[in-house]
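Work through the following exercises with the sequence and the model side by side. Each task is followed by a solution that proceeds step by step.

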Amino acid sequence: MPKQAVRPTRTQAVIPTLRCRDARATIDFLVEAFGATRHLVVAGDGDRAVVHAQVELAPGAQIMLGSSGGEVPELDRSAGNASVYVIVDDEELSARFERARKAGARVLRELRREEYGGSGFSVADSEGNIWSFGSYDPYAPEIAE
């Protein structure tokens with residue numbers, strides 16, 4: 001029986017999308033390194049191909065991704081060139097950072113406090129995509145005013 005897609009816990013107006021040379025490996029990395037949740041994975045031709053996937057990195061922080069080499073070659077130009085920032089609670093950062101490190105993420109920026117507010121870190125996956133997690137929230141009332 002196919003797994004049912006789970007609706008995100010919050011809505012978001014912009015959803016980052018990635019094209020990956022090995023989309024299944026990228027999904028596995030996101031789950032292992034960041035505790036992401038697979039919401040929908042539509043298999044394509046071949047063992048590693050993914051036509052479309054939706055992965056939630058944190059409540060209200062979902063991305064979509066798929067394998068390069070699909071029906072729209074122009075989309076493949078971006079494979080391995082994405083940079084995504086995910087807002088999480090300050091209390092979660094240390095555990096997320098250690099989890100990413102243990103999963104083999106290449107650390108680009110150690111977990112640190114930022115002078116503009118919040119804390120965060122940045123790592124890269126095997127595709128070269130950059131994943132930043134931080135507690136800085138540009139939508140927070142004290143920042144937006």
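A residue is called buried when its relative accessible area is under 20%, exposed when it is over 50%, and partly exposed in between. The model used throughout these exercises is a predicted one.

**Exercise 1. Describe the two faces of strand β5 and find its partner strand.**

Step 1. Strand β5 covers residues 83–87, and its covered face is made by Val84 and Val86, whereas Ser83, Tyr85 and Ile87 make up the uncovered one.

Step 2. The partner is β8, which runs parallel to β5 and is joined to it by 5 bridges. Within this pairing, valine 86, a residue of the covered face, stands opposite phenylalanine 133 in β8.

Step 3. Two residues of the uncovered face, Tyr85 and Ile87, combine with Tyr139 in a nonpolar surface patch, and the three together have about 360 Å² of accessible area. Tyrosine 139 is contributed by the loop between β8 (130–134) and α3 (141–144), and it counts as exposed because its relative accessibility is 72%.

**Exercise 2. Place the elements of the protein in order, and state what share of its residues is buried.**

Step 1. The protein has 3 helices and 8 strands, and from the N terminus on they follow the order β-α-β-β-β-β-α-β-β-β-α.

Step 2. Of the 145 residues in the protein, 39% are buried. The accessible surface amounts to about 8700 Å², of which carbon and sulfur atoms supply 51%.

Step 3. Among contacts with a separation of 6 or more, 53% are between residues 24 or more positions apart.

**Exercise 3. Test the length of helix α1 against the expected span, and list its buried residues.**

Step 1. Helix α1 (residues 23–34) has 12 residues, so at 1.5 Å a residue it should span 16 Å. The expected span is 1.5 Å times one less than the number of residues.

Step 2. The end C-alpha atoms of α1 are 16 Å apart, which agrees with the expectation.

Step 3. The buried residues in α1 are Ala23, Thr26, Ile27, Phe29, Leu30, Val31, Ala33 and Phe34. Just after the helix, glycine 35 adopts a positive phi of about 70°.

**Exercise 4. Trace the pairing of strand β3 with β2 and with β4.**

Step 1. Strand β2 (residues 37–43) and β3 run antiparallel and are joined by 6 bridges, with valine 42 having histidine 52 in β3 as its bridge partner.

Step 2. On to strand β4 (residues 61–67), β3 pairs with it in the antiparallel sense over 5 bridges, and here glutamate 56 stands opposite glutamine 62.

Step 3. The connection between β3 and β4 is a hairpin with 2 residues between the strands, and glycine 60 in the turn has a positive phi of about 80°.

Step 4. Strand β3 (residues 50–58) is mostly covered, since 7 of its 9 residues are buried.

**Exercise 5. Characterise the surroundings of valine 123.**

Step 1. Valine 123 belongs to strand β7 (residues 119–124), and with a relative accessible area of 1% it is buried.

Step 2. Leaving aside residues up to four places away in sequence, valine 123 touches Phe34, Ala100, Ala105, Arg106, Val107, Leu108, Asn129, Ile130 and Trp131. Phe34 among these is also one of the buried residues of α1.

Step 3. Arginine 101 is 22 residues from valine 123 in sequence, and their C-alpha atoms are 8.4 Å apart.

**Exercise 6. Compare three of the salt bridges by location and by the accessibility of their partners.**

Step 1. The structure holds 8 salt bridges. In one of them, glutamate 127 and arginine 21 have their closest N and O atoms 3.6 Å apart. This pair links distant parts of the chain, 106 residues apart, with glutamate 127 in the loop between β7 and β8 and arginine 21 in the loop between β1 (17–20) and α1. Glutamate 127 is buried at 8% relative accessibility, whereas arginine 21 is exposed at 53%.

Step 2. Arginine 38 and aspartate 28 form another, with closest N and O atoms 2.5 Å apart. It connects strand β2, which holds arginine 38, with helix α1, which holds aspartate 28. Both partners count as partly exposed, arginine 38 at 31% and aspartate 28 at 37%.

Step 3. Arginine 96 and glutamate 92 approach to 3.0 Å between their closest N and O atoms, and both lie in helix α2 (residues 90–102), 4 residues apart, about one turn of the helix. Arginine 96 is buried at 11%, while glutamate 92 is partly exposed at 27%.

Terms used:
Residues are numbered from 1 along each chain as its sequence is written. This is a predicted model: local features need pLDDT of at least 70, side-chain atom pairs count only at pLDDT 80 or more; totals for chains, interfaces and linings use all residues. Side-chain values use heavy atoms; hydrogens and water are left out. Patches are made of residues with over 30% relative accessible area and no salt bridge: like charges are joined within 9 Å, nonpolar side chains (Val, Leu, Ile, Met, Phe, Trp, Tyr) within 5 Å. Accessible areas come from the Shrake-Rupley method with a 1.4 Å probe; for residues, only the protein chains shown count as cover. A salt bridge is a side-chain nitrogen of Lys or Arg within 4 Å of a carboxyl oxygen of Asp or Glu. Buried means under 20% relative accessible area, exposed over 50%, partly exposed in between (1.4 Å probe, protein chains only). Contact means heavy atoms within 4.5 Å. Two strands pair if DSSP finds at least two bridges between them.
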